[in-house]
Amino acid sequence: AILDLTRTVVTAAMSVQLGVVPGQGRTVAPKILTHASSLGAFSPQAASSTWTTLEFRSLGVTSLAAFAATQGRAARRRRRATRVMATATATATAEKWFAEQAERSSPSKLAERGLKVLNQLQAPEKNQEPFRYTDLDALLYSVPVTPEKGEFNLAEKLPPLLEETEAYRMVFVDGQLHAGFSRLPAEDAALVGGQEALESWSAEARSHFSQLMEQLPEVDFFQSNKRDMLGCGKLAALNQAVFRDVAYVSLPEARNCEDMTLEMVFVSTGCTAPRMLLHVGSGRSLKVIESHLSLDESDAGLCNGLCRVVADEDAQVRHEVLQLKSDSARFVESIMAEVASGALYQLRCVQSGASCARVNVAVALQGEKASCDVKAVMLADEKQQLDLHSLIHHSVPSCRSNQEHKNLVGGSAECIFKGIIKVDAEAQQTESAQIVRSLLLTKKSKVKAMPSLQIQADEVTCSHGAALTQLDPEELFYLASRGLDAANARRLMLSGFPMDLLEGLKELMPKSYARVTQKLTSMAESNAE
């Protein structure tokens with residue numbers, strides 16, 4: 001009885017080890033049979049039999065089991081070594097890419113700090129939590145070091161892209177402020193300009209500018225653990241090393257001042273590193289419309305942007321980000337906002353361009369009764385991958401945040417959303433809500449939606465959720481019964497899906513709004529059943 005039990009246990013253990021199941025008619029591997037036969041573990045007549053007909057002899061059972069276990073351990077070691085080698089290769093490739101990109105650095109103190117931090121931080125990889133779902137090859141590592149740039153006539157190409165408004169405007173072409181297309185306010189109302197304007201400012205203003213510019217996210221501020229971090233430190237350091245000019249806005253503290261509206265246009269023909277710094281003094285109000293455009297559809301470069309927003313007490317900042325790049329471009333931007341007591345930060349991010357794009361948003365509510373509203377719309381079609389990662393941090397009591405996100409996905413495209421709302425133990429009376437809604441147009445379109453709450457306080461009002469749907473046939477039938485054909489019905493439903501988050505964009509930026517609606521129309525036509 002003991003011998004029979006031993007045979008049964010060893011047979012089952014070997015079956016699990018070798019990936020076979022007794023009784024399923026699977027033949028023993030010849031290599032194992034040859035070795036086992038030499039040890040006398042079974043009779044030669046069983047060499048072509050299945051596991052259920054093997055005639056084990058008590059003398060060879062232990063040796064055969066030990067051999068099988070050894071083979072299993074060796075296989076696991078080989079797989080582990082293969083994974084380690086693949087990881088090492090990916091790491092070397094990523095570090096080499098960053099080193100090559102950093103060769104475009106400028107000789108300045110800020111660039112030196114960027115290079116120093118760049119060498120200290122690990123490059124983004126798939127095995128890191130912030131980049132688990134991002135296609136890093138498509139976004140970063142397939143970008144050539146020196147992409148070809150075409151010759152374009154700015155006087156002919158650029159004006160049709162600009163809005164016909166009377167607002168102040170800063171236009172950057174391949175990272176450099178273009179004075180001919182810009183319209184800046186007087187210095188007595190605000191400090192607005194690029195690097196060249198710094199020379200005419202006071203020493204105090206220059207010192208304040210340098211202090212804010214030197215600090216980098218996830219290095220000097222917005223430090224977090226590995227699971228919560230956005231992974232923007234290395235990219236921010238690269239921006240610090242290679243940026244050519246900066247869009248700087250500083251509104252001094254004042255009361256009873258007029259609101260300021262400023263349009264920032266970043267136009268590229270290749271790889272660029274846009275840099276923005278917005279400091280809004282106590283009691284001041286600023287509206288910024290930030291547009292990212294390609295001068296030509298051939299633009300396949302990487303736009304690696306970094307924006308820092310500092311809102312002092314009772315300040316109000318309304319920030320519009322419109323990513324409308326060409327279909328072959330790559331886009332990355334990290335937006336960092338620090339909101340003081342009683343201040344308000346509103347962000348609306350609309351993405352419809354680029355083959356692969358990622359936006360990181362981090363908001364720190366640092367003073368009581370601070371608040372923020374984050375709205376985002378992503379329109380992805382064909383093979384696009386659009387990504388938004390966000391972190392809203394409540395660290396003090398009585399703050400409010402609201403986040404709404406909508407994805408419209410067609411073709412074989414993919415949208416990724418990962419949003420974290422973090423509430424510390426001291427942040428009592430917090431009010432926060434987070435919702436992401438997605439509409440899939442085809443069977444191949446994909447969405448990864450990961451809203452999350454991390455709450456340590458016990459007196460809060462917080463909610464989060466996600467919804468996923470497709471076009472409702474009954475709603476399409478209802479529109480058809482009212483006289484609309486199938487194409488117009490689909491176009492109407494698709495256009496209406498993100499419209500609540502696009503409210504006011506038509507009046508604010510008519511040309512940008514037209515590009516967004518054109519993308520919606522194109523998606524309705526290309527994804528028709």
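**Two open sheets, their helices and cores**

E218 is buried, with a relative accessible area of 16% (buried means under 20% relative accessible area, exposed over 50% and partly exposed in between, for a 1.4 Å probe and protein chains only). The model is predicted, and local features require a pLDDT of at least 70, side-chain atom pairs count only at pLDDT 80 or more, and totals for chains, interfaces and linings use all residues. Residues are numbered from 1 along each chain as its sequence is written, and side-chain values rest on heavy atoms, with hydrogens and water left out.

E218 lies in the loop between α7 and α8; helices (H or I, at least four residues) and strands (E, at least two) are DSSP runs, numbered from the N terminus. Although not a glycine, E218 has a positive phi of about 60°. A positive phi, near 55°, also occurs at E382, a residue other than glycine. E382 belongs to the loop between β13 and β14 and counts as exposed, at 57% relative accessibility.

Nine strands form an open sheet with mixed pairing, in the order β3-β4-β6-β8-β10-β12-β14-β16-β18; two strands are taken to pair if DSSP finds at least two bridges between them. Because β3 (191-193) and β18 (446-455) stand at the edges, each with a single partner strand, one side of each is left without a neighbour in the sheet. From one strand to the next, the twist averages 5°; axes are lines fitted to C-alpha atoms, for helices over the stretch in contact, and angles between N-to-C directions run from 0 to 180 degrees. Within this sheet, β14 (residues 385-394) and β16 (residues 414-423) pair in the parallel sense over ten bridges, and D387 has I416 in β16 as its bridge partner.

Helix α7 (residues 203-214) lies across β3, β4 (247-251), β6 (275-280) and β8 (302-311), at about 120° to β6. Helix α8 (residues 233-242) also packs on the sheet, where it touches β6, β8 and β10 (330-339) and makes about 95° with the direction of β8; contact here means heavy atoms within 4.5 Å. Ten of the ten residues of α8 are buried, so this helix is largely enclosed by the rest of the structure.

A second arrangement is an open sheet of ten strands, again with mixed pairing, ordered β2-β1-β5-β7-β9-β11-β13-β15-β17-β19. Its edge strands, β2 (176-177) and β19 (460-470), each pair on one side only. Strand β17 (residues 430-440) runs parallel to β19 and is joined to it by eleven bridges; T430 stands opposite V460 in β19. Helix α12 (residues 510-526) lies across β7 (285-294), β9 (316-324), β11 (344-351), β13 (371-380) and β15 (400-409), at about 45° to β13.

The largest nonpolar core has 58 residues, and V249, M264, I335, Y345, V363 and L365 have the most contacts inside it. A nonpolar core is a set of buried Ala, Val, Leu, Ile, Met, Phe, Trp, Tyr and Cys residues joined through side-chain atoms within 4.5 Å. Apart from the largest core lies another of 40 residues, among them Y141, L212, M213 and L235.

V363, in strand β12 (residues 356-365), counts as buried at 0% relative accessibility. Residues up to four places away in sequence aside, V363 touches F222, A337, V339, Y345, C372, L391, I392 and H393. The C-alpha atoms of V363 and V374, eleven residues apart along the chain, are separated by 9.4 Å. With the same sequence exclusion, the contacts of Y345 include V309, I335, V363 and D373.
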